[in-house]
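These are my notebook entries on one structure. I set out to look up contacts between parts and a few individual sites.

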Amino acid sequence: MSSPYQRLAALLVVGALGLGPSAAAADTVTIGLAQSITGGSPALYGIEQKNAAELAVDEANAAKLLGDRKIQLVHLDDGADRGQTVNVFQRLIGRDKVVAIIGPTLSTGAFAADPIAQKAGVPVVAASNTASGVTDIGDYIFRVSPPEDRVTPGVLKTVVDRFKVKRVAQIYGIDDQLTKSAYNTQKKALEALGVEIVATETFQRGDVEFAAQLTKIKAAQPDLIVLGSLAEESAGILRQARQLGIPKEVVFVGTQSSISSKFFELAGPAAEGLIAGTAWYIDSPEPKNQEFVKKYEARFGRKPDIYSAYGYDAASLVINAIKEAGSGDRKAVRDNLAKTKNFPGVLGPIGFDAGREPVIDPKILVASGGRFVIFK
Amino acid sequence: MSEWLASYENVVALVLLNGILGIAAYLMLIVNRFSLATGGLMAIGAYVSVLATMNFGVPFALTLVLGGVTAAVMALLLGAPVLRIEGDYFALATLAFTEIVRIIALNWESVTGGALGIVGIPTETQIWQLALALAALTAAVFAVHRSAAGRVLAAIRGDEMAAAAIGIDVARARLLTFVASGAICGVAGAFAGHLNFFIGPSDFGMIRSIDAIVYAVFGGLGGVLGPVVGALVYTVLPEMLRFSAQAREILLSLVIILAVLFMPRGLISLNLPLRRWLPRRRGQRGKLAAGQGVAAE
Amino acid sequence: MSVFLQQTVNGLSLGSAYAVFAVGFTLLFGVLNVLNLAQGAVFMVGAFTGLELVRLVELPLPLAFLVAMVTAGAVSVLTQVAVFGPLERRGGHRWMGLIASLAVARLLVAIAQEVFGTQVLRYPSEPWMEASWTIAGVQIQGLQLIVLATALLVMAALAVLLRATQTGRAIRTMAFNPNVARLVGVPVQRMTLLTYFIAGALAGAAGVQLGVLYNAVSPFMGETILLKGLTVLILGGLGHVPGAALAGLLLGLTEVYSVGYLSSSFRDAVGFGLVFIILLVRPHGLFGLTTRQRA
Amino acid sequence: MTALLEISHVAKRFNGVVALDGVSARVGRATITAVIGPNGSGKTSLLNVVTGFYEADRGSVRFNGTEIAGRPPHWIARLGLARTFQHIRLFEGFSVFDNVHVAAERRGTSHARRRAEQALEVVGLAAVGRQQADALPYGHKRRLEIARALATEPEILILDEPAAGMNATEKIELGELLFTIRDLGKTILLVEHDMDLVMGISDYVIALNFGCTLAAGAPAAVRQDPQVIEAYLGRPEAADA
């Protein structure tokens, strides 16, 4: 039996192997993927983005998109902890010498880690950060996920006009950047529309019980209930709202996060009627999208959701920019990303505006018969 | 070397920062209190210092002091009523404090930015500052261990009732320790706030408090180097295990379980050459009887 | 008035699941003086076991519920045999036990994530689950009643076990004093394992209850309930079994009323504030014995 | 006789169980006073009330004329009342010397080392100061507790069953030690089961039963008291306990 000291030493040696320099071959281009696959519910959308990015890279390699040069994808998990997001960024930039980074999963991580990439001159393309201000960090920061303020005001205006809404209730996740950011945008848009907000309720990440909030909302008799919530929370809220007998005439509007087959699985028949604005839905007729959905399902055994779509397009856009740049030069890749217009993505034709926000065509969808269809 | 540092700069910073937090937790543990207030006190230090920087342009050095003092005052106000609560009840009362701070930070949007946090904080925190702070703190705690005050703390740890019986004001000593621990958490919070451009309420929850205790206990409560070694290993371990993205969590938890099983008195209980740097009284027997006997009678 | 009654119904069904979880939690504490932070993960194991039995093996839910309880109990026993027991024999400090329990929780969550993925899953819906009635403007779901009934049943069974059987007396003797238990011939090791089993089974029961009621089973579902469990533990008095049952209901109602009549964003602050104030007034919890000695 | 310690009508109950039911007693300066009584008669509870570890429900404890009932233990200790415990409570991990040194430092850090050494000399442990206290034989641990109490320079030394677990020789030595301490001008109040020891060394004996004072006076007188005989001495198995 070895001494505890030796045991510790052995442990440290084994671990230290992972900290050595990385041997990247000359004929490869490395892209970093900073996604949370552990650390609680953020892993839900981190894994989707990781899967989709891997799919995009494998396809590009198979199609020899960069000629003889291979694209290597290095994924590092930050455990949804923003301290680790910074660790991951520094390591991708310093050790793995990545050309660009796709990620991170959470906006909190983006605010902490993106400035490092900006300083190092490494382009970052986010696929799930929707908080406002992320791309203001610098001219190397892009995203394909449209911030809520690009989508929500239009959706709410349409809904309020169509259903002659007078009274609105809001419910949102107070401790999550994504949902909180969505709430802020929704509130501003509702105020601009001049409707009365009769109830504002919150919940926290991990909550599964919304009955107390919904009972209060029901008593306030709104015509419209606006959700600032992720897919699984939206499903819970809708089910419990119906169980509490909130009438069918009351309209529900959700965020882009609800665009997921998971939502229908979890909500069941209660999903019916939810309205959300987004660039993507699984039945989107774009040919590129139909192909993507098929391939994704074949490889991962489940249907993609909106984060898979964002992840796929983020990776495709980065690969395209490397191809256009003709090299793995970070500056050239950034410039080509910034120039991208009307790239055929699964989200439809996509490009970046001067603020490096996505230029896409948001659609208004409604849940109907177990799927999202265009709201008419 | 500089390239290595560029890749692992933040890891190094976190090791040092966590070392400081580990010592804050350690100080409470050696007076037999399992404090989960670390996260809450750290949050107070972080928000106060960051707001001072962002809104009033206060120099960084001064914001460190400000963060430390505010957290210390908070610890004083909190500690006076709470410290008389014993054992696991105390742990849960301080957990309640940390959670309440987090909920206030989430709701007090005009000041804290709510869940969206505060963005664009100037990154003033440097590795050398953290290293200096950790070194100074380690030296200070080491000196305290060697002083009459240190013997008082050791006596409380050794047996609370006997300590009271020789005239030691256990409650007062504990309150002072809590205030000192709070000041350290506050300064650590101020450093953390100026490390990564951004702070938000989720940075300072229960997990932060538990992690700090893990550094101390995992490292070993035999001396001030225990929490520092604990923070080092516990912070670097996840980075070392990156060679397996899929199984990282499983490996990490297995390593911790094995470490706990085979080194039940902490890493520092190993026969390291460091040992002579530890205070004299680290015993051959690691079991802290008093820690178990806190629920009196 | 109907809003108040509705909130009460909401609070009781939520609180009864809290109670089932907390009773196991507090039993472990009371009998073995162990604060086992892996209980939340065992709760999650119970929820997943029940789910897989219903989905893959197509067991009827009541049967799946029982098997999930047994499985969660077995996992709990396994953690004792593999980790907590050896640690205690090696003279690990009580605080080391806490760290070990956190690591065990992390391990169980990581394994669940590998096996089931991070997706939130739900129990297959059956018509009887959707039944609900409106009584005086209050919506009552069949599921809520079933959760409440099973909670009462499970806790009544525990009460009978502890109060009316030889085994229960042995467990209570251990809670009173392990040394006395040894002297009067209680098989301490066997009773320790049994206590872990009961605590795990109760956590598993709560996992299935909440999983079915709220349609949300995920590897991370244990984290929230753990915090609730800790709160209930305090409100009820550490180690006080009937106290935990009452305090579980109390916390459910407190949460619901604070959403209903204060503000939902301060719901958890109200729960923790309550803990805080109770500890200041009664340092050993609401139902705990008063301190006898000062140091 | 002017009493150094005056206990009047002290009562204490725990969750309904009466431990002390109006006990009164006086302890004279530079005497050895023993409290006797069967198990559960309230002896240790009385010591705990006097030293502040229990708060009395009612009654008064005056030391040198100062009311100390309800004061915290450390305050009472600083006033000059030092105690030992029924179950030995040494500072875990401390050396023999450190146990005493930290106590001596309560009276100021200057010359604390010398005062600690003196206290060890009184109890005869000066030679083993560097040893780990945990490693001492049982009887020496008891002596070390006494040395630690002495190092706080008390006026009164309060001992809770100091002879418990000692063999006959050790008990004789303990008796001699207590005489030595009294001759240094200290007052001693002890709870003790060993009747031979109590009768041999005490100047004054207080007998308790069911939380009440049964008898008080010179050892010989208490020993003859019919109530004491019935409650206590009449049951030899209790006397041996």
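Entry 1: chain B and chain C. By buried area I mean the accessible area, taken with a 1.4 Å probe, that two parts lose on being put together, summed over both. I note at the outset that the model is predicted. For chain B and chain C I read a buried area of about 4700 Å², and carbon and sulfur atoms give 73% of it. On the chain B side, I found that B:Asp88, B:Tyr89 and B:Leu261 lose the most area to chain C, together 15% of what that side buries. I then looked up the contacts and found 53 residues of chain B against 46 residues of chain C.

How many salt bridges are there between chain B and chain C? I recorded one. The salt bridge joins the side chains of B:Glu249 and C:Arg106, at 3.1 Å from N to O. For polar contacts across this interface I noted four residue pairs, both residues at pLDDT 80 or more.

I next asked which helices of chain B supply at least two residues each to the side that touches chain C. They are helix 3 (60-82), helix 4 (87-107), helix 8 (160-165), helix 10 (206-219), helix 12 (248-262) and helix 13 (289-292). Helix 4 of chain B gives the largest share of that side, eleven residues. By class, I listed 36 nonpolar, seven polar and ten charged residues on the side of chain B that touches chain C.

Entry 2: the two domains of chain A. The domain assignment gives domain 1 as 7-146 + 285-360 and domain 2 as 149-278. I read 30 Å between their centres, taken over C-alpha atoms. Their contact takes 20 residues from domain 1 of chain A and 15 residues from domain 2 of chain A. The two domains bury about 1400 Å² between them, with 49% of it on carbon and sulfur atoms. Within domain 1 of chain A, I found that A:Tyr45, A:Pro146 and A:Ile306 lose the most area to domain 2, together 30% of what that side buries.

Which side chains form the salt bridge here? I identified A:Asp353 and A:Arg150, at 3.2 Å from N to O. The count between the two domains of chain A is one salt bridge. I also noted six residue pairs in polar contact across this interface, both at pLDDT 80 or more. On the side of domain 1 of chain A that touches domain 2, the elements giving two or more residues are helix 2 (42-62), helix 4 (107-120) and helix 11 (306-325). I sorted that side by class into ten nonpolar, six polar and four charged residues.

Entry 3: helix 12 of chain A. For this helix (residues 330-339) I listed the buried residues as A:Arg330, A:Ala332, A:Val333, A:Arg334, A:Asn336 and A:Leu337. Their cover includes helix 3 (82-94), helix 4, strand 4 (124-126), strand 5 (141-143), helix 11 and strand 12 (348-352) of chain A.

Entry 4: D:Ser41. I located D:Ser41 in the loop between strand 3 (32-36) and helix 1 (43-50) of chain D. Is D:Ser41 buried or exposed? I entered D:Ser41 as buried because its relative accessibility is 1%, and buried means under 20%. A polar atom of the D:Ser41 side chain lies 2.7 Å from the backbone oxygen of D:Pro38. Leaving out residues up to four places away in sequence, I found D:Ser41 touching D:Ala19, D:Leu208, D:Asn209, D:Phe210 and D:Gly211.

Definitions and conventions
Residues are numbered from 1 along each chain as its sequence is written. Chains are lettered from A and ligands numbered from 1 in the order in which they are written. This is a predicted model: local features need pLDDT of at least 70, side-chain atom pairs count only at pLDDT 80 or more; totals for chains, interfaces and linings use all residues. Side-chain values use heavy atoms; hydrogens and water are left out. Contact means heavy atoms within 4.5 Å. A salt bridge is a side-chain nitrogen of Lys or Arg within 4 Å of a carboxyl oxygen of Asp or Glu. A polar contact is a pair of N or O atoms within 3.5 Å; within protein, one must be able to donate a hydrogen and the other to accept it, and residues adjacent in sequence count only if both atoms are side-chain atoms. Helices (H or I, at least four residues) and strands (E, at least two) are DSSP runs, numbered from the N terminus. Ala, Val, Leu, Ile, Met, Phe, Trp, Tyr, Cys and Pro count as nonpolar, Asp, Glu, Lys and Arg as charged, and the others, Gly among them, as polar. Buried means under 20% relative accessible area, exposed over 50%, partly exposed in between (1.4 Å probe, protein chains only). Domain bounds come from an automatic or database domain assignment.
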